[in-house]
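Open your viewer and switch to a cartoon representation. Keep a selection box ready, and follow the stops in order.

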Amino acid sequence: MEKKMKIGFIGLGNVGSKLSGSLLRNGFDVSVYDLSSQLMVEFAKKGAKIGENPEHLMNVCDTVITCLPSPAASNMVMQTMLPFVKEGKTWLEMSTTDDAEVKRLGAEVISRGGKAVDCPVSGGCHRADTGNISIFAGCDRATFEIILPLLTTMGRRVLHTGELGSASILKVITNFLATANLVSCAEALTVAKAAGLELGNAYEAIRISSGNSFVHETESQVILNGSYNINFTMDLVLKDTSLFNNLAKKLNASLELSPLIVKTFKDGLEKYGPRAWSSMIVKRMEDLNNINFRAKGFPSELIDNEPEKKGYEI
């Protein structure tokens, strides 16, 4: 029954292209829109319909998903779609965004008779590509039950986090933790290199130790290869960590590490550019110490080898 739902998907970037691809691969009726006409043509070849613009998608689809690079971009798109929201329409915000902003826009959707959910993803683009990524969902329980079949197609593990906005808070918290892990991996590899250790062995030692992390198991591989290709860019990490830092300020929560991480990524963006892979932040340590973190046998790009399976609520 749920596959008869007409779905509009706006934003075919590194994450959105993979999430919408999972819906198409599993037989959903999907219309897409992106500023890049080339991306839309590529998706049409996969069976997607091409939307004329965001408002067209809200007008003809039951559920519209946005997966965009910033709160400002989401707001711009939503302002064009809001006049077409009515009873029976559902908005899924899959962007990493500000909780206050998603609550504000969600309230506009709900006031017009629609449903609103913030449902960001976590786990890396390689897992989004196979439908094995994790998804947080903030909304009332009744709405969650309706959109769960979509979420369990795009993701493996789905968590109902509570009211609208709660998922976005948890998303920036988990992104902060991942980024802190990445920065600490750079310093760990710096000391390992300075000590004359073979970095492939150092990778394995960390992987089997209490110092292991998801970030080390994934991003350290493409760092050691030298490609740094994590399929996520420096500007997006700076946006995400800034969202976390600004949330802490709004809540009057005094932090020590978070402002340093924001400062670190501002420096990385200035040195390597906004569209550099985010894992290139480790080059600050490589350049500072005149070293490199190369080791043999590591892949240039992450591939999720776990078979695709229908997701489930946890």
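At what angle do helix 8 and helix 11 pack, and how far apart are their axes? Note before you start that this is a predicted model.

**Stop 1: two helices**

Select residues 166–194 for helix 8 and residues 234–250 for helix 11. The two pack at an angle of about 115 degrees, and their axes lie 9 Å apart. Their crossing is left-handed.

Now show side chains. On the helix 8 side, pick Ile169, Val172, Ile173, Asn175, Phe176 and Thr179. They meet Val237, Asp240, Thr241, Leu243, Phe244 and Leu247 of helix 11. Colour this contact by class: 8 residues are nonpolar, 3 are polar and 1 is charged.

**Stop 2: the loop after helix 11**

Move on to Leu255. Its place is the loop between helix 11 and helix 12 (257–272). Is Leu255 buried or exposed? Neither label fits, because its relative accessible area is 37%, which makes Leu255 partly exposed; buried would need under 20% and exposed over 50%.

Which residues does Leu255 touch, beyond its neighbours within four places in sequence? Select Phe244 and Ala248: Leu255 is in contact with both. Phe244 also belongs to the helix 11 side of the contact at the previous stop. Then check a backbone distance. Asn245 is 10 residues from Leu255 along the chain, and their C-alpha atoms are 8.3 Å apart.

**Stop 3: strand 4 and its partners**

Select residues 63–66, which form strand 4. Thr63 and Ile65 point one way, Val64 and Thr66 the other. All four are buried.

Add strand 1, residues 6–10. Strand 1 runs parallel to strand 4, joined by 4 bridges. Look for Phe9, which stands opposite Ile65.

Next add strand 5, residues 90–93. Strand 5 also pairs with strand 4 in the parallel sense, over 4 bridges. Here Val64 has Trp91 as its bridge partner. Trace the chain from strand 4 through helix 4 (residues 71–81) to strand 5: this β-α-β crossover is right-handed.

**Stop 4: strands 8, 9 and 10**

Select strand 8 (residues 133–138) and strand 9 (residues 155–162). They run parallel, with 6 bridges between them. Phe136 stands opposite Leu159. The connection passes through helix 7 (residues 141–154), and this β-α-β crossover is right-handed.

Finish with strand 10, residues 312–313. Strand 10 pairs with strand 9 in the parallel sense, over 2 bridges. Which residue of strand 10 is the bridge partner of Arg157? Select Tyr312 to see the pair.

Technical notes
Residues numbered from 1 in each chain as written. Predicted model: local features only at pLDDT ≥ 70, side-chain atom pairs only at ≥ 80, totals over all residues. Heavy atoms only, no water. Axes fitted to C-alpha atoms, helices over the stretch in contact; angles between N-to-C directions. Left-handed = near helix turned anticlockwise from the far one by under 90°. Contact = heavy atoms within 4.5 Å. Nonpolar A, V, L, I, M, F, W, Y, C, P; charged D, E, K, R; others polar. Buried < 20%, exposed > 50% of the residue type's maximum accessible area, 1.4 Å probe, protein only. Pairing = 2+ DSSP bridges. Right-handed = clockwise from strand over helix to strand, strands pointing away.
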